[in-house]
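User: I am new to reading protein models and would like to learn how to go from a picture to careful statements. Could you take me through this one feature by feature?

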Amino acid sequence: MVALRPTGSLRLASERLREIPLSGRTPLADALREARLLLRQEHFKRANARPIVVALTDGVPNVPLRPGGDAVADALAAAAELRRARIPLVVVDASRPGRAG
């Protein structure tokens, strides 16, 4: 899920961060893939923009891209694609205190 399209507004980013639902079902690979595709589109609109992906996650990918797939392998592959595209990724631990993530 992309919670916030590219913006320079800190106020809007702050508001969206407060609204993000944390469910424990992490479609991490899909979110990273979607973010990479979105930033590629934005690059054509704003060539001088500096892209960055901020992922709020518990760090436990548990939703594969395809039924029966490997959610961890999918997330690692999606992160590698971001790296190949030279898009920085910041991961924010959104796990609940006391729960491993």
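User: Let us begin with a single residue: in which helix is the place of D74?

Analyst: Helices (H or I, at least four residues) and strands (E, at least two) are DSSP runs, numbered from the N terminus, and by that naming D74 sits in helix α3. Before we go on, note that this is a predicted model, in which local features need pLDDT of at least 70 and side-chain atom pairs count only at pLDDT 80 or more, while totals for chains, interfaces and linings use all residues. Residues are numbered from 1 along each chain as its sequence is written, and side-chain values use heavy atoms, with hydrogens and water left out.

User: Why does D74 count as buried, and which residues is D74 in contact with?

Analyst: The general idea is a cut-off on relative accessible area: buried means under 20%, exposed over 50%, and partly exposed in between, with a 1.4 Å probe and protein chains only. D74 counts as buried because its relative accessibility is 12%. Contact means heavy atoms within 4.5 Å, and, leaving aside neighbours within four places in sequence, D74 is in contact with A29, P64, L65 and R66.

User: How many helices and strands does the protein have, and in what order do the elements run?

Analyst: The secondary structure comes to 3 helices and 2 strands, and from the N terminus on the order is α-α-β-α-β.

User: Which residues make up the largest nonpolar core?

Analyst: In soluble globular proteins, nonpolar side chains tend to be buried together. A nonpolar core is a set of buried Ala, Val, Leu, Ile, Met, Phe, Trp, Tyr and Cys residues joined through side-chain atoms within 4.5 Å. Here the largest one has 11 residues in all, namely L28, A29, L32, A35, L39, V53, A55, A75, A78, L82 and I87. At least two residues of this core come from each of α2 (28-45), β1 (53-57) and α3 (71-84), and α2 gives the largest share, 5 residues.

User: Where is the place of L32, and what is L32 in contact with?

Analyst: L32 belongs to helix α2, and it counts as buried because its relative accessibility is 5%. Apart from neighbours within four places in sequence, its contacts are V53, A55, A75, A78, A79, L82 and L89. Another member of the core, I87, touches R36, L39, P51, I52, V53 and L82 when residues up to four places away in sequence are not counted.

User: Where does R86 lie, and is R86 buried or exposed?

Analyst: R86 lies in the loop between α3 and β2 (89-93), and R86 counts as exposed because its relative accessibility is 75%. As background, most residues other than glycine have a negative phi, and most peptide bonds are trans. R86 has a positive phi of about 60° although it is not a glycine. A85 is placed in the loop between α3 and β2, where A85 counts as partly exposed because its relative accessibility is 41%.

User: How far apart in space are A85 and V53?

Analyst: Sequence separation and distance in space are two separate readings. From C-alpha to C-alpha, A85 and V53 are 12 Å apart in space, and they are 32 residues apart in sequence. The C-alpha atoms of L32 and R66 are separated by 15 Å, with their positions 34 residues apart along the chain.

User: What radius of gyration does the protein have?

Analyst: The radius of gyration is taken over C-alpha atoms, and the globule rule is 2.2 Å times the number of residues to the power 0.38. The protein has 14 Å, which agrees with the value near 13 Å that a compact globule of 101 residues would have. The C-alpha atoms fill a box of roughly 40 × 30 × 20 Å, taken along the principal axes, and 21% of the 101 residues count as buried.
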